[in-house]
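Student: I'm new to this one and would like a close look at a single part of it. Could you show it to me first?

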Amino acid sequence: MAATLADEAIRDRIEAAAFRRLLDHLRLREDVQNIDLMGLAGFCRNCLADWLHEAATEAGVALSVEAAREHVLGEPYAAFKARQPQATREQIERMEASLAENARRRAVRAGTAGA
């Protein structure tokens, strides 16, 4: 029998499992820097932590940004950050272009592009 994602409870369970797998994968691949994730995909581990914090807030659950980061990283942010090399100018430029692309796509989605 094929499962459907139309059932909200099933969808939530499946999406939660996929999120946990994503976190596990990002913890495994800490060689991939946040700045590179931002440059290529327009989001990073810190974004995931921010989204987790925002979702908790919307659900009425007290979860600080720091606690969300520790959950996403699997360790305190300072320990993770200490192992990350300094970003290069090229990495920063790619990240800035990616953030601009995020904003452009959000505007298109919202119907406000060029308005």
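Student: Take the place where α1 and α3 cross: is the crossing left-handed or right-handed?

Tutor: The crossing of α1 and α3 is left-handed, meaning that the near helix is turned anticlockwise from the far one by less than a right angle, whereas clockwise would make a crossing right-handed. Before going on, keep in mind that this is a predicted model, in which local features need pLDDT of at least 70 and side-chain atom pairs count only at pLDDT 80 or more, while totals for chains, interfaces and linings use all residues. Residues are numbered from 1 along each chain as its sequence is written, and side-chain values use heavy atoms, with hydrogens and water left out.

Now the wider setting. The protein has six helices and zero strands (DSSP runs numbered from the N terminus: H or I of at least four residues for helices, E of at least two for strands). Of its 115 residues, 22% count as buried (under 20% relative accessible area with a 1.4 Å probe, protein chains only; exposed is over 50%, and partly exposed lies in between).

Back to our pair. Helix α1 covers residues 8–28, and its 21 residues reach 30 Å from first C-alpha to last, close to the 30 Å expected (1.5 Å times one less than the number of residues). Where α1 starts, a side-chain oxygen of D7 comes to within 3.0 Å of the backbone nitrogen of A9.

Helix α3 is residues 45–58, and its axis comes within 12 Å of the α1 axis, crossing at roughly 145 degrees (axes are lines fitted to C-alpha atoms over the stretch in contact, with angles from 0 to 180 degrees between N-to-C directions). From α1, the contact uses F19, L22, L23 and L26; from α3, it uses R45, L48 and L52 (contact means heavy atoms within 4.5 Å). That makes six nonpolar residues, no polar and one charged (Ala, Val, Leu, Ile, Met, Phe, Trp, Tyr, Cys and Pro are nonpolar; Asp, Glu, Lys and Arg are charged; the others, Gly among them, are polar).

R45 turns up again if you look at the loop between α1 and α2. Q33 sits in that loop and counts as buried because its relative accessibility is 14%. Beyond its neighbours within four places in sequence, Q33 is in contact with R45, Q84, P85 and Q91. E30 is in the loop too, but at 29% relative accessibility E30 counts as partly exposed. Leaving out residues up to four places away, E30 touches R45, E75, F80, R83 and Q84.

Methods:
Polar contact = N/O pair within 3.5 Å; in protein donor to acceptor, adjacent residues only side chain to side chain.
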